[in-house]
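User: I would like to examine a protein model through a short series of questions. Please show the sequence and structure before we begin.

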Amino acid sequence: MTYVDGFLVPVPEARREQYLELARKAAQVFRSHGALSVVECWGDDVPDGKVTSFPLAVQLKEGEAVVFSWITWASKEARDAGMKASMEDPRMKPDFENMPFDGQRMIFGGFRVLVDA
């Protein structure tokens, strides 16, 4: 059964193009290590909540947008091997001084698919 890695990331609106460049590069790496698809979505209609919401989850600041993204894999085993290989790939070497987002506020996790209609 398909496996999904999901991500929420706060990205400064002024760094959208830099984030897009990084996302495209990362997508190539993930795909080369077995990912079936990589999807990046820029928040367009992301309401604030009182108890919980995407903006609250990432502690969104003024001038930032929420990015919602996911990677699909053929299985958890494919994900474990592909993610390990991706993180070891030299193309994924982080440039912490020029990161287009605050990684400390990124939320991520792996999910087993229940319904795929």
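The questions and answers below concern this predicted model.

User: In what pattern do the helices and strands follow one another along the sequence?
Analyst: The protein contains 3 helices and 4 strands. Read from the start of the sequence, their order is β-α-β-α-β-α-β.

User: How does the radius of gyration of the protein compare with the globule rule for 117 residues?
Analyst: The C-alpha atoms occupy a box of roughly 40 × 35 × 20 Å along the principal axes. For 117 residues the globule rule gives 13 Å, and the protein is close to that value, so it is as compact as a globular protein of that length. The radius of gyration is 15 Å.

User: What share of the contacts with a separation of 6 or more joins residues 24 or more positions apart?
Analyst: One pair in the model illustrates such a separation: Leu-8 is in contact with Ile-107. For the protein, residues 24 or more positions apart account for a share of 85%.

User: Which elements each supply at least two residues of the largest nonpolar core?
Analyst: The largest nonpolar core has 14 residues, and those with the most contacts inside it include Val-9, Val-11, Tyr-19 and Phe-30, together with Ile-71 and Trp-73. At least two residues of this core come from each of β1 (3-12), α1 (16-32) and β3 (64-73). In general, nonpolar side chains in soluble globular proteins tend to be buried together.
The elements asked for are β1, α1 and β3.

User: Is Arg-79 buried or exposed, and at what relative accessible area?
Analyst: Arg-79 lies in helix α3 (residues 76-88). Leaving aside neighbours within four places in sequence, Arg-79 is in contact with Tyr-3, Asp-5, Trp-73, Lys-84 and Gly-110. The contact with Trp-73 also appears from the other side, where Trp-73 touches Arg-79 as well as residues including Phe-30, His-33 and Met-83. Because its relative accessible area falls under the 20% limit, Arg-79 counts as buried, at 17%.

User: How is Ala-85 classed by relative accessible area?
Analyst: Ala-85 is also placed in helix α3. Its C-alpha atom is separated by 21 Å from that of Met-99, which is 14 residues away along the chain. The relative accessible area of Ala-85 is 24%, and the class is partly exposed.

User: What is the C-alpha to C-alpha distance between Leu-8 and Glu-40?
Analyst: Leu-8 is found in strand β1 and counts as buried at 10% relative accessibility. Beyond its neighbours within four places in sequence, Leu-8 has contacts that include Phe-54, Val-66 and Met-106. Leu-8 and Glu-40 are 32 residues apart in sequence, and their distance in space is 9.9 Å.

User: Which residue has a positive phi although it is not a glycine?
Analyst: Most residues other than glycine have a negative phi. The residue in question is found in the loop between α2 (54-57) and β3, and it is exposed, with a relative accessible area of 55%. With a phi of about 55°, the residue is Gln-59.

User: How far apart are the mean positions of the positive and negative charges of the protein?
Analyst: Of the 117 residues, 32% count as buried, and the accessible surface comes to about 7900 Å², with 55% belonging to carbon and sulfur atoms. The protein has 14 positive and 18 negative charges. Their mean positions are separated by 4 Å.

How values were computed
Residues are numbered from 1 along each chain as its sequence is written. This is a predicted model: local features need pLDDT of at least 70, side-chain atom pairs count only at pLDDT 80 or more; totals for chains, interfaces and linings use all residues. Side-chain values use heavy atoms; hydrogens and water are left out. A nonpolar core is a set of buried Ala, Val, Leu, Ile, Met, Phe, Trp, Tyr and Cys residues joined through side-chain atoms within 4.5 Å. Buried means under 20% relative accessible area, exposed over 50%, partly exposed in between (1.4 Å probe, protein chains only). Contact means heavy atoms within 4.5 Å. The radius of gyration is taken over C-alpha atoms; the globule rule is 2.2 Å times the number of residues to the power 0.38. Accessible areas come from the Shrake-Rupley method with a 1.4 Å probe; for residues, only the protein chains shown count as cover. Lys and Arg count as positive and Asp and Glu as negative; His and the chain ends are not counted. The place of a charge is taken as NZ of Lys, CZ of Arg, CG of Asp or CD of Glu.
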